[in-house]
Amino acid sequence: MVKYVNAAELEELISTSNKTVFCDFWASWCGPCRMLAPVFEDVSDKYEDKAVFVKLDVDEENSESAAMKYGITSIPNIIAFKGGKPADNNLGFVPAAVLEAFVSKNI
């Protein structure tokens with residue numbers, strides 16, 4: 001299951017979670033973001049017991065700071081956070097098999 005968060009919620013989550021947190025930085029106007037959404041949802045359902053999956057809309061108030069902090073210049077951009085820090089990222093739309101491999105590698 002994917003949870004929608006703002007910057008403060010993301011910071012709280014990545015600093016307290018003992019699981020890898022995968023954050024999809026996206027925006028509603030972004031075509032590749034909309035294409036990735038169901039893929040991200042499906043993969044999150046498959047790995048929900050091993051990781052945390054969240055989405056942060058870079059255009060929402062109180063979310064721009066996170067996009068700036070993590071150097072988001074293109075979307076969709078999924079960052080894997082481990083131990084409160086970015087560990088890896090996946091930029092752009094990818095098919096389910098590629099996203100699954102990315103998640104599996106970073107759990």
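A salt bridge is counted here where a side-chain nitrogen of Lys or Arg lies within 4 Å of a carboxyl oxygen of Asp or Glu. This is a predicted model, in which local features need pLDDT of at least 70 and side-chain atom pairs count only at pLDDT 80 or more, while totals for chains, interfaces and linings use all residues. Residues are numbered from 1 along each chain as its sequence is written, and side-chain values use heavy atoms, with hydrogens and water left out.

By the salt-bridge rule the count comes to four. One of them joins Lys 69 to Glu 11, with the closest N and O atoms 3.1 Å apart. This pair links distant parts of the chain, since Lys 69 belongs to helix H3 (residues 64–69) and Glu 11 to helix H1 (residues 7–16), 58 residues apart; helices (H or I, at least four residues) and strands (E, at least two) are DSSP runs, numbered from the N terminus. Lys 69 is exposed, with a relative accessible area of 55%, whereas Glu 11 counts as partly exposed at 25%, where buried means under 20% relative accessible area, exposed over 50% and partly exposed in between (1.4 Å probe, protein chains only).

A salt bridge is also formed between the side chains of Lys 46 and Glu 100, at 2.9 Å from N to O. Lys 46 lies in helix H2 (residues 31–47) and Glu 100 in helix H4 (residues 96–106), so the pair ties together parts that are 54 residues apart in sequence. Lys 46 is exposed, with a relative accessible area of 52%, and Glu 100 is partly exposed at 21%.

Helix H4 also contains Lys 105, which forms a salt bridge with Asp 88, the closest N and O atoms being 3.0 Å apart. Asp 88 is in strand E5 (residues 85–91), 17 residues away from Lys 105. Lys 105 is exposed, with a relative accessible area of 57%, while Asp 88 is partly exposed at 22%.

We turn next to the aromatic rings. A search of the whole structure finds six aromatic pairs, where rings of Phe, Tyr and Trp (its six-membered ring) pair if their centres lie within 6.5 Å, and planes under 30 degrees apart count as stacked, over 60 as edge-to-face and the rest as tilted. The rings of Phe 25 and Tyr 70 have centres 6.4 Å apart and planes at 55°, so this pair is tilted. Phe 25 in strand E2 (residues 20–26) is thereby linked to Tyr 70 in the loop between H3 and E4, 45 residues apart, and both residues are buried. The rings of Phe 40 and Phe 53 have centres 5.6 Å apart and planes at 75°, so this pair is edge-to-face. Phe 40 lies in helix H2 and Phe 53 in strand E3 (residues 51–57), 13 residues apart. Phe 40 is buried, with a relative accessible area of 1%, and Phe 53 is buried at 2%. Ring pairs link these two residues with Phe 22 and Phe 102 into a cluster.

Phe 25 also appears among the residues that Asn 77 touches, which include Cys 23, Ile 72 and Leu 91, not counting residues up to four places away in sequence; contact means heavy atoms within 4.5 Å. Asn 77 is found in strand E4 (residues 77–82) and is buried, with a relative accessible area of 7%.
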